[in-house]
Amino acid sequence: MAVDCGWGRLILGQTFGDPADIVAALRAEEPGRRDIAAYVTEPHVMLALAPQELFLDPSHTFRLNLAASHPDERVPVGFTVRPLETAAQIQEANRIYAARGMLPAPEVFLLAHRDCSHLSYLIAVDGQDGSVIGTVGGIDHVEAFGDPEDGSSLWCLATDPQAAYPGIGECLVRAMADNFRMRGRAFMDLSVMHDNACAIALYEKLGFVRVPVFSIKTRNAINEKLFIGPQTEPPLNPYATIIINEARRRGIAVEVLDAETACFRLGFGGRSIVCRESLSELTSAVALSLCDDKAVTRRALEKAGLRVPPQRRAGDPADDEAFLAEHGRVVVKPARGEQGKGITVDVRSAEAMERAIASARAHADTVLLEAFREGHDLRVVVIDYKVVAAAIRRPAEVTGTGKHTIAQLIEAQSRRRAAATGGESRIPLDDETERCVRDCGHGLDDVLAEGERLFVRKTANLHTGGTLHDVTAALHPALANAAVAAARALAIPVVGLDFLVPDPAGPDYVIIEANERPGLANHEPQPTAERFVDLLFPQTAI
């Protein structure tokens, strides 16, 4: 018996009498799909029958006794869990799967199986904007094949890596367990990678226990990282990894030159290009220097007729205070630097400005004062003078539980952001975070009310806990044209432009910075890595 789940088939080993028949079923896997043979009792026999085609999945199976466990009485804070219903929700769920590196299910399949008796799909929905922030699927074994053990299983649990709410995955698991419990099922199984310590800790907390159940999969491109063994080269950060994975997919040779700085060489057909993440040899030293100094960037963009905020170099205290008095609110930032280091946003007093200047000087000798502008922080990625992705960047925020202090919420959210971004995004518990919390009328030791959301940073940089939310389809043509014009003014083939906009769907903007090495990760579903490799090796473009 094989159950089609959209992303592939779940081949139920307990319904087969001969291991050879399971092998034959796996060999029938369709291209671009990911079949799983679960509940296999003789994995060694199957592997012996097809050692070059199959491998033993390095996952553990955990089981929840539904009769012994009890329904969860806790109400999710800030979101709700409900059945998957619409095509728009399916698209959002598949966006989350893409962000997590998981295989999506076709929209047509999910629409056709929303009310299927043996398949269940649940989503977590943000209470503020109605967006999907988590998803999970389940299979009723009784409805699927008349399981005499009255079993069920949970599959493809995923949460939005940008979501600020705690407990999304836990609530989805509990909701699916309640779904099968109400149907009278005896247990619910799930599979988890053997080294996913955080997920295993959650499942054990919920009462799951490990059971000796094994799964077999086919050796294909989707499963490659599970059977090629440990990485022999030093690991790279997510921004380099997304590029080298795309390069390898096209048969482009990859040589890691320095893992710590994310430097690597790509080679194909006699052409060789050295990159540091998205900064390549195609970016000239002149273009690099134009982006390196924010004051120089601003002058170049202003000369090109693009809108930029008023700015001055910090120096004489009286002149600095006069600039603050003229504009009321300012941004203080080092002229050089990245990842939001040394930047203080929305400074309103001379005393705060003095402290901010001192903080910025720890990162660069030259400090800039810039008129503060309200608006959304918009990152536009331009590759080969075409807009590839646009995303609103939101500052780090936490959601109150009514039990935990703001400092505890920040630490927990920081752990979630780090886990979702390979350690690249964390919320620092520093003076700037304390200032932002204080400006909102709170202290780090205050207990935030249940459901209350609090921004704990004013910059939306990913490295300080910010999140990215794709708006490419809604981007106003005036903003896209301005981004391309800015890239041409800087003569740079790959750049991330930082805008402040009232609305990404409107024409108004100011450009505040240009990043010569923009992070290409976290822009799902936009093909940032694909377009970057197209630029470097156009002959490999599909």
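Helix α11 lies across β17, β18 (330-334) and β20, running at about 145° to β17; contact here means heavy atoms within 4.5 Å, and angles run from 0 to 180 degrees between N-to-C directions of axes fitted to C-alpha atoms, for helices over the stretch in contact. The model is predicted, so to speak only of what it supports, local features need pLDDT of at least 70 and side-chain atom pairs pLDDT 80 or more, while totals for chains, interfaces and linings use all residues. Residues are numbered from 1 along each chain as its sequence is written, and side-chain values use heavy atoms, with hydrogens and water left out. Helices (H or I, at least four residues) and strands (E, at least two) are DSSP runs numbered from the N terminus.

The strands under α11 belong to an open sheet of 4 strands, ordered β17-β20-β18-β19 with antiparallel pairing; strands pair if DSSP finds at least two bridges between them. At the edges sit β17 (311-313) and β19 (344-347), each pairing on one side only. Neighbouring strands are turned by 25° against each other on average, direction ignored. Between β17 and β20 (residues 367-371) there are 3 bridges, and Gln311 has Glu370 of β20 as its bridge partner.

Helix α11 (residues 294-303) also packs on α16 (residues 477-490), at about 115° and with the axes 9 Å apart. The two are therefore roughly perpendicular (65 to 115 degrees). Thr297, Ala300 and Leu301 of α11 meet Ala486, Ala489 and Leu490 of α16.

Elsewhere, β26 (residues 494-501) runs antiparallel to β27, joined by 5 bridges. In β27 (residues 510-515), 5 of 6 residues are buried (under 20% relative accessible area, 1.4 Å probe, protein chains only).

Definitions and conventions
Buried means under 20% relative accessible area, exposed over 50%, partly exposed in between (1.4 Å probe, protein chains only). Angles under 35 degrees count as roughly parallel, over 145 as roughly antiparallel, 65 to 115 as roughly perpendicular and the rest as oblique.
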